[in-house]
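User: I'm new to reading protein models and would like a close look at one small part of this one. Could you pick a spot, walk me through it slowly, and then show me what surrounds it in the rest of the chain?

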Amino acid sequence: GVVFVVDAADIERFPEAKEVLADTLGSAYLSNKPILILANKQDIPTAASASDVASALGLSALRNNRYTILPCSARAPEGSPPDRRVREGMNWLTNAVGSVYRELEPRVRADAAVEAEREREEKAARKERVAAARAAREREREAEAAGESGEAESSPLVNSNGGGGGGAHSAANSPNSEMELTENRNQINAGQPGSPLALPAALALPGTGGLLDPTSPSAIPGGVRSDSPSQNRVKLEPLSAEVAT
């Protein structure tokens, strides 16, 4: 059955209540089922009577004649007992449902099965939407990862050893290259044989009449050979020294 409560003190909203009642009773699930209408808030002096509410709702035009309307005050004043008319209305509804139970019971079961199937379909559709959204997000992440990987592969590599095409130019300006140049420069100043520009084992110097051993004490002008490589330096004029072959 159906219980429909109307604020009898709010006359301006009677048209809205009429529209809501018509929409409610238009449901196939409520067709020919008992309806209890309560004209509430009768404790307010300006409240409309039950007959006025019935007229405003257009109850006489209802195809369903299984209805009744009762005035009541659902909220009794403090210290007062509950309105007995509410209990009377619920008793009427219970008896009305009982009188047509054999007729309504198969409908109720069928309606319940239809509603359960509808909920199952909605749940399955919602699950599919969630799965599709999750798959779309996964594809987006894969596409982003593939794009980042492609950018990394297409970027030029810097060759720290100075070999290969444009890598040589990058290597020349790298910190490793500066360290190598500094190391070579120190090796030259120290006279270490491992330096690319290290002094040869013997030099032919003009005016010496022979080969000059850079490591001999006599090769160091005005001094004695030292064990410190940094002090065993031979000053050569840029174009006056010839390497002996």
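Analyst: Here's a tour that begins with the whole chain, zooms in on one loop, and then moves on to some charged residues.

A bit of housekeeping before we dive in. Residues are numbered from 1 along each chain as its sequence is written, and side-chain values use heavy atoms, leaving out hydrogens and water. This is a predicted model, where local features need pLDDT of at least 70, side-chain atom pairs count only at pLDDT 80 or more, and totals for chains, interfaces and linings use all residues.

Now the big picture. The protein chain has six helices and six strands (DSSP runs numbered from the N terminus: H or I of at least four residues for helices, E of at least two for strands). Walk along the sequence and you meet them in the order β-α-β-α-β-α-α-α-α-β-β-β. Of the 245 residues, 22% are buried (under 20% relative accessible area; exposed is over 50%, partly exposed is in between, using a 1.4 Å probe and protein chains only). The accessible surface is about 17,600 Å², with 53% of that belonging to carbon and sulfur atoms (Shrake-Rupley method, 1.4 Å probe; for residues, only the protein chains shown count as cover). Take the contacts between residues at least 6 apart in sequence: 61% of them join residues at least 24 apart (a contact means heavy atoms within 4.5 Å).

Time to zoom in. The UniProt record, an unreviewed entry, puts a "binding site" feature at Asn40, Lys41, Gln42 and Asp43 (positions follow the numbering used here, feature names are shortened, and annotations may be inferred rather than shown by experiment). Let's make Lys41 our main character. You'll find Lys41 in the loop between β2 (35–40) and α2 (50–57). Its relative accessibility is 33%, so Lys41 counts as partly exposed. Asp43, in that loop between β2 and α2 too, is partly exposed with a relative accessible area of 45%.

Who does Lys41 touch? Setting aside neighbours within four places in sequence, Lys41 is in contact with Asp7, Ala9, Ala47, Cys72 and Ser73. With Asp7 there's a side-chain polar contact of 3.2 Å (N or O atoms within 3.5 Å; within protein, one able to donate a hydrogen and the other to accept it, and residues adjacent in sequence count only if both atoms are side-chain atoms).

There's something to notice in the backbone too. Most residues other than glycine have a negative phi. Lys41, though, has a positive phi of about 65° without being a glycine. Asn32, also not a glycine, has a positive phi of about 60°. Asn32 sits in the loop between α1 (14–25) and β2, and is partly exposed at 39% relative accessible area.

Next, a look at charged residues elsewhere. The structure holds 10 salt bridges (a side-chain nitrogen of Lys or Arg within 4 Å of a carboxyl oxygen of Asp or Glu). Asp111, in helix α4 (residues 101–154), is buried yet has no salt bridge, and the nearest side chain of opposite charge, Lys33, is 4.2 Å away (Lys and Arg count as positive, Asp and Glu as negative; His and the chain ends are not counted). Beyond neighbours within four places in sequence, Asp111 is in contact with Tyr29 and Lys33.

Which residues do pair up? Arg66 and Glu103 meet through their side chains in a salt bridge of 3.3 Å, N to O. Arg66 lies in the loop between α2 and β3 (67–71) and Glu103 in helix α4, so this pair ties together parts 37 residues apart in sequence. Arg66 is partly exposed at 25% relative accessible area, and Glu103 is partly exposed at 42%.

Arg13 forms a salt bridge with Glu16, with the closest N and O atoms 3.2 Å apart. Both ends are partly exposed: Arg13 at 47% and Glu16 at 41%.

Finally, back to helix α4. Arg141 and Glu138 form a salt bridge whose closest N and O atoms are 2.5 Å apart, and the two lie three residues apart in that helix, about one turn. Glu115, Arg118 and Glu122 are joined into one network by salt bridges that share partners.
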